[in-house]
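Please find below my notes on the two-chain model, set out as numbered points. They begin with a contact between the chains and then move outward to the fold as a whole.

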There are 2 protein chains.
Amino acid sequence: MLETITPMKAEARDALLESTRKNEPEKRGRKASKEVRQLQLIEATIDSLAKRGYSETTMADVADGAGLSRGIVNFHFESKEKLLVATLQYMADEYAAHWRAALTKAGDDPARQLQALVAADFDRSICNKRKLAAWCAFWGEAKSRPTYQALCGARDAAYQNVFIDLCATLKQSGGYAFEPQVMALALCALLEGLWLRLMMGTEDTTRETALQSANEFLSAAFPRHYPWASGPKTA
Amino acid sequence: MLETITPMKAEARDALLESTRKNEPEKRGRKASKEVRQLQLIEATIDSLAKRGYSETTMADVADGAGLSRGIVNFHFESKEKLLVATLQYMADEYAAHWRAALTKAGDDPARQLQALVAADFDRSICNKRKLAAWCAFWGEAKSRPTYQALCGARDAAYQNVFIDLCATLKQSGGYAFEPQVMALALCALLEGLWLRLMMGTEDTTRETALQSANEFLSAAFPRHYPWASGPKTA
DNA sequence: CATCGTTTGTTGAACATTCATTCAGTATGG
DNA sequence: CCATACTGAATGAATGTTCAACAAACGATG
C-alpha cells in the first residue's frame with residue numbers, strides 16, 4: 001500500500017534538500033511533485049516526533065512544520081496512522097540501506113566487516129538526536145501496534161543474521177568458544193542499548209563514548225581479531 | 001509532591017493483593033484506604049500502558065481497569081500527568097529496590113555481585129511483558145518530558161556507578177586492560193538492549209536466552225572470573 | 001501562440017469524536 | 001452527623017477527518 005512512497009527516494013530527497021536550501025517562499029498552489037511533498041511531510045513528522053514525542057504529535061504540528069495547510073496530510077497520506085507508518089518505513093529503509101552500504105564498503109575481511117557494521121551504527125547521518133528520538137517514539141508504541149512491531153525490526157532478522165554469520169566465521173578463525181547466536185544477540189542488544197542511552201541524553205554518553213564501549217566489547221569478545229586491548233586512545 | 005504515594009508500599013501492596021485475591025465484588029462507597037486505591041490505580045495504569053500503549057491510555061481505561069468510576073483518578077491523583085508520573089515513580093522504586101536487594105544478597109565477592117545484578121535484571125518479578133511494555137512506553141515519551149527522563153534513569157547514575165565500581169575491582173583482581181567506565185557502560189547498555197528486545201517480543205529472544213547472552217558477555221569481558229567458557233549448558 | 005477545459009495539488013473552515021477535568025450530589029465509616 | 005471517599009453526568013478543549021472551493025500545471029484546440 002505504501003509502495004508508492006518508498007521508491008524514487010534519492011531524487012525526491014535531493015529535490016527536497018534543494019528547495020529547502022533555496023528557501024523558496026513556497027507561495028500558493030501547486031509547487032512540488034508528489035514525492036517531494038511526501039518526503040517533506042515525513043521529515044516534518046520526524047521533527048515533531050523528536051520535539052513533542054509520539055503522543056503529542058498532531059496533524060497540525062506536521063502541517064505547520066512543513067509550512068503547509070492543515071488538510072494536506074490527509075491528501076497525501078490517507079490518515080495519521082498511515083503517515084506514521086510511512087515515516088517508520090522511511091527510517092527503516094534508510095537504516096537498512098546504511099548498514100548494507102557499510103558492509104559492502106568494508107571489503108571481504110570478516111573482522112573488518114563486523115567493525116564497520118558497529119561503527120556504521122554511530123554515524124552522524126543516522127545516529128543523531130532527532131532520528132534516535134523518532135525511533136524511540138516508535139519503539140514505545142510498537143508493542144501495541146503490530147505494524148510498528150514488524151517495521152521496528154528494521155534491525156531485523158536480516159541484520160541479526162549478518163551478525164550471526166560474522167560471529168560464526170570469527171569463531172572458527174579465532175578459535176573462540178562462544179555460541180554465535182548468543183554472541184550476536186548480545187552484540188545487537190548492546191548496539192540498541194547504546195542507542196537508547198544516547199537518546200536519553202545523559203551527558204556522560206556521547207556518540208564517541210558509545211562507539212568506544214562497543215569496540216571494547218568487540219575486543220573482549222574477539223581478542224584475537226581486535227587485539228588493540230584498550231590502549232590509552234584506541235581510535 | 002508524590003512523597004505521599006511511595007511510602008507504605010509494602011502494606012498497601014499486601015492489602016491490594018489480598019483484596020484481588022479475595023476478588024471482592026467491591027460494591028459501592030468507601031472501601032479501601034487511600035494507599036490501596038492509589039496502588040490499584042497504578043497497577044491498572046501499567047495494565048493499560050502494556051495493552052494499549054502510552055498514546056492510547058485514557059483515564060477511562062484506567063478507571064475501568066480498576067473497576068471504579070470515571071472521576072476517581074482525578075480524585076486520588078490530580079491529573080493524568082501526575083498519575084503517569086506516580087506510576088513511573090512506582091516502577092522506578094520497585095526496580096531500584098530489586099537490584100539493591102539482589103546486590104545485598106550476593107555477599108561480598110565482587111564477581112558474584114556482578115553476576116547477581118545481571119541475573120536480577122531478568123527475574124520474572126520485574127522482567128515480564130507487562131512491566132517491560134510499560135517501561136518502554138515511558139522511554140518513548142522520555143525525550144520530550146524532563147520528568148520522565150529523570151525518572152527513567154531508574155537505571156540511574158547510582159546503578160551505573162555500582163557497575164563501574166565492580167568493573168574496576170574485577171579489573172584489578174583479574175588484570176584486565178579495559179577502562180571500567182567504558183565496560184560498565186557497555187554492560188548497562190547490553191542489559192537495556194536485551195530488555196528492549198524482550199519487549200519487542202521477537203520469538204527467538206526469551207528471558208533465558210537474554211540471560212545467556214548477558215552471561216556470555218560477562219565471560220568474554222571477565223574471563224578469569226567467569227571461566228565457564230560457554231560449555232554446552234551453562235546454567 | 002492564446003485560450004480554454006481538465007486534472008491535480010492545496011486550502012481552510014466545518015464537523016464529529018474523543019477525552020481530561022469538574023463538580024454537585026451520594027454513600028459510607030467513624 | 002460529619003468528614004471523607006466516591007460517582008457519573010456535564011463541560012469544554014483538542015484533534016483527526018471531510019469537503020467544497022480555489023489555484024496552478026498541463027494538454028488540446030483553434
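1. Glu192(A) and Arg197(B) are both buried in this structure, which is a predicted model. Their side chains meet in a salt bridge, with N and O 2.7 Å apart. Because Glu192(A) belongs to helix α10 of chain A and Arg197(B) to helix α10 of chain B, the pair joins two chains. Side chains of opposite charge can pair when their charged atoms come close.

2. The helix that carries Arg197(B) deserves a look of its own. Helix α10 of chain B runs over residues 180–200, and its 21 residues reach 30 Å from the first C-alpha to the last, close to the 30 Å expected at 1.5 Å a residue. Of these 21 residues, 20 are buried, so that the helix is mostly covered. Just after α10(B), Gly201(B) takes a positive phi of about 75°.

3. How many residues of each chain take part in the contact between chain B and chain A? There are 51 residues of chain B in contact with 51 residues of chain A. Lys143(B), Arg197(B) and Met200(B) together supply 17% of the area that chain B buries against chain A, which is more than any other three residues. The area buried between the two chains is about 3,800 Å², and carbon and sulfur atoms give 61% of that area.

4. As to symmetry, a turn of 180° with a shift of 0.0 Å along the axis lays chain B on chain A with an RMSD of 0.0 Å. That is the relation of a two-fold axis. The copies meet through the same surface, because 100% of the interface residues of chain B are also interface residues in chain A.

5. Four salt bridges are counted between chain B and chain A, and the count over all chains comes to 20. One bridge that crosses from chain to chain is formed by the side chains of Arg145(A) and Glu56(B), at 3.4 Å from N to O. In addition, Glu56(A), Glu81(B), Glu141(B) and Arg145(B) are linked in a network of salt bridges.

6. Arg145(A) also has a partner within its own chain, since it forms a salt bridge with Glu81(A) in which the closest N and O atoms are 3.2 Å apart. This pair links distant parts of the chain, 64 residues apart: Glu81(A) sits in helix α5 (residues 80–105) of chain A, and Arg145(A) in the loop between α7 (129–142) and α8 (146–152) of chain A. Are the two partners buried or exposed? Glu81(A) counts as partly exposed because its relative accessibility is 30%, whereas Arg145(A), with a relative accessible area of 14%, is buried.

7. In chain B, the side chains of Lys131(B) and Glu94(B) meet in a salt bridge, with 3.2 Å from N to O. Lys131(B) lies in helix α7 (residues 129–142) of chain B and Glu94(B) in helix α5 (residues 80–105) of chain B, so the pair ties together parts that are 37 residues apart in sequence. Both Lys131(B) and Glu94(B) are buried.

8. Helix α11 of chain A (residues 207–221) has 15 residues, which at 1.5 Å a residue should span 21 Å; its end C-alpha atoms are 21 Å apart, in agreement with that value. Its buried residues include Ala210(A), Asn215(A), Phe217(A) and Leu218(A). The buried residues of α11(A) pack against α6 (110–120) and α10 (180–200) of chain A, and also against α10 and α11 (207–221) of chain B.

9. Ser173(A), which lies in helix α9 (residues 157–174) of chain A, counts as exposed because its relative accessibility is 54%. From C-alpha to C-alpha, Ser173(A) and Pro110(A) are 9.8 Å apart in space, although 63 residues separate them in sequence.

10. Taken as a whole, chain A has 11 helices and zero strands. Buried residues make up 52% of its 235 residues, and its accessible surface comes to about 11,000 Å², of which 52% belongs to carbon and sulfur atoms. Among the contacts in chain A with a separation of 6 or more, 70% are accounted for by residues 24 or more positions apart.

Methods. Residues are numbered from 1 along each chain as its sequence is written. Chains are lettered from A and ligands numbered from 1 in the order in which they are written. This is a predicted model: local features need pLDDT of at least 70, side-chain atom pairs count only at pLDDT 80 or more; totals for chains, interfaces and linings use all residues. Side-chain values use heavy atoms; hydrogens and water are left out. Helices (H or I, at least four residues) and strands (E, at least two) are DSSP runs, numbered from the N terminus. The expected span of a helix is 1.5 Å times one less than its number of residues. Buried means under 20% relative accessible area, exposed over 50%, partly exposed in between (1.4 Å probe, protein chains only). Contact means heavy atoms within 4.5 Å. Copies are superposed by least squares on the C-alpha atoms of residues with pLDDT of at least 70 in both. Accessible areas come from the Shrake-Rupley method with a 1.4 Å probe; for residues, only the protein chains shown count as cover. Buried area is the accessible area (1.4 Å probe) that two parts lose on being put together, summed over both.
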